[in-house]
Amino acid sequence: MDIMPNNLKRQYELHAAEYEAKALEVLRSGWYVLGKEVAAFEEEFAAYLGGGYCVGLASGLDALWIAFKVLGIGQGDEVIVASNAYIACVMGITMAGATPVFVEPDEYNNLDPGKIEQAVTEKTRAILPVHLYGQACDMDVVMDVAARHGLLVVEDCAQSHGATWKGKATGTFGQVGCFSFYPTKNCGAFGDAGAVVVQSEELAQKFRVFRNYGSSKQYHFDVVGANSRLDEIQAGLLRVRLAHLRDFNAEREAIATRYLQELNQPALQLPSLRQGAQSVWHQFVIHSQKRDALREYLTKQGIGTIIHYPIPPHLSRAYAYLGYKPGDFSVAERFAGEVLSLPIYNGMTEQEQTRVIKAINAFEG
Ligand SMILES: *Cc1c(COP(=O)(O)O)cnc(C)c1O
């Protein structure tokens, strides 16, 4: 594969000297878990989003399940989530003991705003909007439904670092914004890392306690927590990454804009943005009835693509116990057969993108 769907090495090489200097600084500091790099990153990341309190955790999945735990959502409670979301979104709900209730996506690949309210029952406690592929969900409708039914909102921003809905950052609408810094994400670490962003110091403190075995003071345990601490080295490297995030997101937007302008293949539908929503183009996802043939054709030309995701969560073997069958969420099932993520990464050259565009436009589907 000479053009990869994602190219982490290229991204590292853009600022290699800065990452290396920071890694050495942390190694030589003698302090490796929850220290000054974590505290500085938390402050800088919250400021980047326009306010609130950030608490670093070990992964995006931890951010989700710990959010539900801290909010007191669990056994017997229902959480509304899009039927085409990533499996981690659903696992975040079930690890807390709660039950996912699926709502179909619309043409923007996010929760269909017209279908959220129908899914509310007596047991619903929260809505989990997932800002998929980098595009913000319609947060007006999510917040309105939540307010009218007394529901909490936990946002999954693993793919939407910096994306906004009507100018306000994703992750700052609900009670908790959950972030992953897995290496492929827009703001990626060099290993696993995650965080939550909340709007009150009191709630932030609950996460700080939970991530460290439930202890507020050394060897005093207030709640049954977890070990979900963020490493100093990852936090330090994330600070370097965050300092370039606006540029990284702008570069992704330029790549997406060029795809939108120059792809003219009738066998595919290009992504579009909802009025009011902005995308940070975590993925550039097209839909095509000839997806599999297109993908095979591109692979033969050395162009890598990914399917996000081939099996919707309700049909995943892991969730067989929920009792769903094919046809239950037909939009998500159709999307699973149509979506294809084209190469998009920081450091992608103009020539590389030209090759992808020419190859796709020449496809005789
Ligand atoms: C990556 C991702 C997660 C999980 O994050 P990890 O850090 O891998 O645990 C959750 N939700 C979405 C939408 C993701 O893309």
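**Exercises on salt bridges and exposure**

Glu262 and Arg258 sit four residues apart, about one turn, in helix H9 (residues 245-262); helices are DSSP runs (H or I, at least four residues) numbered from the N terminus. The model is predicted: local features need pLDDT of at least 70, side-chain atom pairs count only at pLDDT 80 or more, and totals for chains, interfaces and linings use all residues. Residues are numbered from 1 along each chain as its sequence is written, and side-chain values use heavy atoms, leaving out hydrogens and water.

**Exercise 1.** Find what joins the side chains of Glu262 and Arg258, and classify both residues as buried or exposed.

*Solution.*
- Step 1. A salt bridge needs a side-chain nitrogen of Lys or Arg within 4 Å of a carboxyl oxygen of Asp or Glu.
- Step 2. For Glu262 and Arg258 the N to O value is 3.0 Å, and they form a salt bridge.
- Step 3. Buried means under 20% relative accessible area, exposed over 50%, partly exposed in between (1.4 Å probe, protein chains only).
- Step 4. Arg258 has 17%, so Arg258 is buried; Glu262 has 34%, so Glu262 is partly exposed.

**Exercise 2.** Treat Glu25 and Lys22 likewise, then state which network holds them.

*Solution.*
- Step 1. Both residues belong to helix H2, three residues apart, about one turn.
- Step 2. Their closest N and O atoms are 3.4 Å apart, in a salt bridge.
- Step 3. Lys22 is buried because its relative accessible area is 12%; Glu25, with 39%, is partly exposed.
- Step 4. Salt bridges link Lys22, Glu25, Lys36, Glu37, Glu44 and Arg239 in a network.

Note on methods: Helices (H or I, at least four residues) and strands (E, at least two) are DSSP runs, numbered from the N terminus.
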